[in-house]
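Got your viewer open and a selection box ready? Here's a walk through the model, one pick at a time.

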Amino acid sequence: MDGRGPEFTRRDSQLRPGELADVYLLGHEELRVSVVAALGDERLEACRHRLHQWADEYRDRLWPVGTPEYLLHGYHSLLLASGDLGRAVDLATDPDRHDRVLDVSGGDALAVDEITASLRALAGCEHVDLAAMARLAVHRDHLGSRGLGIPAGLPALWAALGFYSRAVSLVRSIGSSFDRVGAFRSTAETLFAAGQAEYAHQVVDHLVEVAWAQAFVVQRAVDLAMAVRIFAKAGEFERAAAVAGLTGHPGELRAAVLDVAGELADSGAHGRARGLLRHFESLAAAEDRTPARQARELADAAHVLAVVGERGRAREMAKRARELSLIPGDPAGRAAAALAVVRCLNTLGARRRARRYARKATSLMALRPDEYEGWILHGAVLALIEAGLLVRGRTLIRKMADSLQRDVCVEALAVAYARRGDHHTAVHLVAWSGLDSRLVSTWCEVALALVRGGNHAAAEAIAFDLRDRLIHRLPNPNSVLLGSVKILCAAGNLGEAEVTALGAAEDGLRAEALAVVAEALVGRGMNDRAEALLRRAEAAVVGRVAVGRQAEGHIRIAEALLDVGDLRSARVIGDHLPELIQRARLLHAEVAAGVAGEDASVRLIELADQMEDRNQAARVLTWAAEALSRTGDVEQALRLLVRAEGQVKDDWQRDNVCGAIAIVLATAGEPEEALVVTYRNGMSGWRQLLEVLPAVGEPALARELMRQVDSSISAGADPGTRMLRADLVEPFVAVGDLRRANDLVDDLIEYLRATPDPEPGSGDSGLGELAGGVFALRDPDEEPYVVERVISRMRRAAGTIDYMNQASLARPLALAWVRVGNLDSALELATMVTDADRRGDVLLDIAAALLQEDNRHEARPLIAEALRLGDGRAWSEVVVKVGRFLPEVVQAVGAEVVVLVQRRVVLDAR
């Protein structure tokens with residue numbers, strides 16, 4: 001410092017720029033270092049102490065309106081940097097503060113970032129505080145569920161209205177992965193268009209981060225390609241090239257630039273389209289392109305040239321594209337190229353030539369449709385429609401065997417007729433198709449085409465018919481109402497659209513419909529009204545918890561609380577479960593734990609009588625019978641069991657109900673009758689009965705049950721039968737019949753050696769179940785072939801859709817390695833699971849096995865890593881898999897859930 005005092009710089013509030021007070025910072029990093037050194041540790045500690053007191057004052061006041069920005073964004077980072085993890089965890093798990101951050105920033109992204117940072121810091125500690133990490137995971141789940149109802153279009157609309165920071169926070173808070181990527185794109189493009197590149201970069205960088213975390217390579221590439229297109233459209237080619245390099249596809253940048261050039265040309269931005277096309281031509285083309293793919297590129301480029309006025313070059317490119325597209329081979333590429341060539345010729349005004357070309361390009365597919373996959377025929381139909389050959393397109397649609405692709409083609413054909421002004425044929429096509437799954441979207445597309453053709457009255461008639469008549473007949477009334485709102489907005493009837501949106505009964509649907517109306521208002525420059533509707537939409541969903549999504553986790557923690565003796569907390573959670581079956585399940589847990597009231601059976605019967613699902617009711621009746629049996633009323637319990645067995649309607653529910661019946665009979669002193677029930681119902685519930693027979697002193701009956709189960713499984717050689725037999729190995733070991741267990745394992749190994757593994761992406765081969773049977777008896781060193789088979793399959797599954805099966809492949813082998821003391825191999829196998837959530841599940845299984853051996857030292861870091869990696873449900877998985885070994889974690893989680901449940905009740909009452 002030079003004696004003039006420290007220099008400060010001022011910047012806008014990061015939470016609400018232009019609304020909240022500006023923030024002051026030291027001018028540069030060297031100055032900050034100098035100030036820290038000048039103050040010294042003692043004075044810095046005194047300053048921190050005063051800061052903590054300041055924060056505590058606002059905490060005690062429940063973080064009121066006007067809480068300083070630093071305490072909501074910045075203070076937590078200081079706590080982590082200074083190593084004050086206890087205070088950091090308390091701050092990051094404070095629901096009142098979460099609500100204030102939501103109110104100020106517009107989303108939960110900042111709160112989630114603090115939780116993530118806290119989990120990372122705790123996981124790196126030498127002595128891991130699992131209770132603190134589990135508390136953080138509970139709140140991460142809670143905040144994630146608050147974002148599930150946010151309409152995907154909401155963030156971009158806030159950006160369009162100038163609320164840039166709010167838009168960024170909100171888009172990162174969207175809980176549905178299905179909606180999130182599209183929301184990232186619309187928000188980033190709106191921010192770039194508004195000149196807010198810094199905010200746009202935050203959105204796209206987060207999109208890239210989310211995409212890179214994808215275990216499925218195809219989906220990762222799609223999401224990264226979206227980021228490439230966003231950057232290309234903004235003219236940021238260096239960033240676009242950097243992201244394109246992550247996709248693993250050398251031509252991705254070139255394809256993105258050409259795609260965006262076409263989009264800009266069609267929207268009238270001809271200058272920008274020319275610039276992008278020049279950049280496209282400067283990029284090297286992929287060397288492995290087929291003639292058809294070259295044709296598509298040339299046709300797309302020619303279309304851009306034709307739109308921007310360079311028709312001479314466009315004609316030359318179109319001619320070359322036609323020639324290349326007709327070269328045999330690559331049918332999928334040829335179908336896509338045909339559509340691009342027809343579109344290009346239409347743009348050049350050569351409609352007659354486009355029709356001749358379309359007939360020629362699709363003639364072979366029309367003659368032999370059975371030789372082509374549905375999505376290839378879909379491309380051919382679209383080319384015919386684009387050429388105006390609607391009758392020929394309809395003829396090809398009739399020949400399509402793929403019903404899904406046929407429905408998509410019918411929608412495109414109906415829209416084409418609507419664009420021609422032939423409203424009656426379009427309506428007839430929709431009726432002719434008989435497609436319920438796409439009926440609403442087809443009506444909407446037809447109506448929007450009518451609007452573009454100037455026939456607003458016909459479009460509005462469709463909207464009113466959807467809203468007033470079809471909404472009562474179709475399986476998804478929500479999509480019907482939303483479709484009618486979109487049509488009314490497009491037709492310009494915003495008043496009726498708003499009335500329809502406000503009439504939606506469900507909060508999420510009302511919010512989505514209001515966002516559609518707000519978008520139409522923004523397009524007409526009615527920003528004040530749009531902002532008012534957006535705030536109403538937000539009020540309906542933002543900050544609201546998806547109760548149903550969390551119910552399973554709440555049941556799990558309530559059951560675990562019963563196991564550790566905390567009946568009060570368990571009942572607080574149970575009182576607020578949304579479904580009858582969930583409340584009955586928890587009451588049954590009280591019965592099983594021996595802490596239920598004397599009226600438990602009566603309450604369970606009452607719950608069963610209220611249930612419309614008779615299968616669920618039957619299961620609850622078995623729980624009531626168990627409660628009666630425990631109180632000594634065996635006769636009444638047996639009458640209930642007869643009633644329950646008679647109510648089971650679905651085979652898939654029979655296993656649960658019959659298992660419960662058998663358990664009640666066995667524990668009531670009727671083990672032989674339990675066997676009869678199991679045999680009478682095709683061995684349904686045999687596994688539950690097997691677990692209880694030794695406990696009631698009937699090991700001989702357990703062995704008899706296993707013999708009957710074994711004989712009930714056919715001797716077939718199909719994969720399904722082999723998996724059923726693999727499932728018998730562990731039970732045979734449990735009843736002491738090692739001879740039969742060994743025979744089964746030998747048969748499994750022989751089958752594996754004789755059966756090649758399917759290609760990746762072809763689905764679950766059942767290898768995990770088969771390996772589970774082998775390693776239930778044998779050690780990994782004894783069966784190196786099976787070990788190598790599992791590892792090879794896991795490697796091949798990485799990046800394909802089969803990544804979802806990696807955890808089931810890894811689990812039996814990892815646990816077998818733990819059993820023989822080879823923890824390093826088990827952990828190495830777990831690291832091969834590419835999906836973070838599933839990898840966490842395997843780590844928890846390994847940790848549970850270690851805790852079973854009282855090896856807490858090596859188990860605790862694995863649990864910490866699972867909590868750090870996991871998604872919202874990680875805390876409940878911890879409770880289920882290792883909660884019985886860690887009562888302090890169960891108590892900590894239970895306390896947080898009770899607070900959140902009670903808080904939700906208070907907020908809902910307001």
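Where is Trp-63? Select Trp-63 and you'll land in the loop between α1 (29-60) and α2 (69-72). Keep in mind that this is a predicted model. Now check the backbone: the phi of Trp-63 is near 50 degrees, a positive value in a residue other than glycine. Most residues other than glycine have a negative phi. Switch on the surface as well, and Trp-63 counts as buried, at 1% relative accessibility.

For a second positive phi, jump to Asp-854. Asp-854 is in the loop between α47 and α48 (856-869), and its phi is near 65 degrees. Is Asp-854 buried or exposed? Its relative accessibility is 60%, so Asp-854 counts as exposed, because the cut-off for exposed is over 50%.

**Helix pairs**

Next, colour helix α21 (residues 390-398) and helix α22 (residues 403-419). The two pack with their axes 10 Å apart, at an angle of about 165 degrees. Angles over 145 count as roughly antiparallel, so that is the label for α21 and α22. Their crossing is left-handed. To see the contact, show side chains for Leu-390, Val-391, Arg-394 and Ile-397 in α21, then Arg-406, Cys-409, Val-410, Leu-413, Ala-416 and Tyr-417 in α22. Coloured by class, this α21 and α22 contact has eight nonpolar residues, two charged ones and no polar ones.

Now try helix α46 (residues 823-831) and helix α47 (residues 836-852). How far apart are their axes? The axes of α46 and α47 are 9 Å apart, and the helices pack at about 160 degrees. That again makes the pair roughly antiparallel, but look at the handedness: α46 passes α47 in a right-handed crossing. On the α46 side, select Leu-823, Ala-826, Leu-827, Ala-830 and Thr-831. They meet Arg-839, Val-842, Leu-843, Ile-846 and Leu-850 in α47. By class, the contact of α46 with α47 has eight nonpolar, one polar and one charged residues.

One more pair: select helix α42 (residues 738-754) and helix α43 (residues 767-775). Here the axes are 9 Å apart and the angle is about 140 degrees. Why is this pair called oblique? Roughly antiparallel needs an angle over 145, so α42 and α43 count as oblique to each other. Their crossing is left-handed. From α42, the contact uses Val-745, Leu-748, Ile-749, Tyr-751 and Leu-752; from α43, it uses Leu-767, Leu-770, Gly-773 and Val-774. The class count for α42 with α43 is eight nonpolar, one polar and no charged residues.

**Two buried charged residues**

Zoom to Arg-140, which is in helix α7 (residues 130-146). Arg-140 has a relative accessible area of 12%, so it is buried, the limit for that being under 20%. What does Arg-140 touch, not counting residues up to four places away in sequence? Select Ile-115, Leu-119, Leu-867, Arg-868, Gly-870, Asp-871 and Ala-874 to see its contacts. Then draw a C-alpha to C-alpha distance from Arg-140 to Gly-543: the two are 13 Å apart in space and 403 residues apart in sequence.

Move on to Glu-877, in helix α49 (residues 874-882). Glu-877 is buried as well, with a relative accessible area of 10%. Not counting residues up to four places away in sequence, Glu-877 touches Arg-556, Asp-841, Leu-844 and Val-882.

**Last stop: the cysteines**

How many disulfides does a search of the whole structure find? Zero. Take Cys-444 as one to inspect: the nearest cysteine sulfur is that of Cys-489, 11 Å away, and Cys-444 is in no disulfide. A disulfide needs two cysteine sulfur atoms within 2.5 Å, so the 11 Å gap rules out that pairing. Cys-444 is buried, with a relative accessible area of 10%. Finish on Cys-125, which counts as partly exposed at 25% relative accessibility.

Notes:
Residues numbered from 1 in each chain as written. Predicted model: local features only at pLDDT ≥ 70, side-chain atom pairs only at ≥ 80, totals over all residues. Heavy atoms only, no water. Helix = DSSP H or I, 4+ residues; strand = E, 2+ residues; numbered from the N terminus. Buried < 20%, exposed > 50% of the residue type's maximum accessible area, 1.4 Å probe, protein only. Contact = heavy atoms within 4.5 Å. Axes fitted to C-alpha atoms, helices over the stretch in contact; angles between N-to-C directions. Parallel < 35°, antiparallel > 145°, perpendicular 65-115°, else oblique. Left-handed = near helix turned anticlockwise from the far one by under 90°. Nonpolar A, V, L, I, M, F, W, Y, C, P; charged D, E, K, R; others polar.
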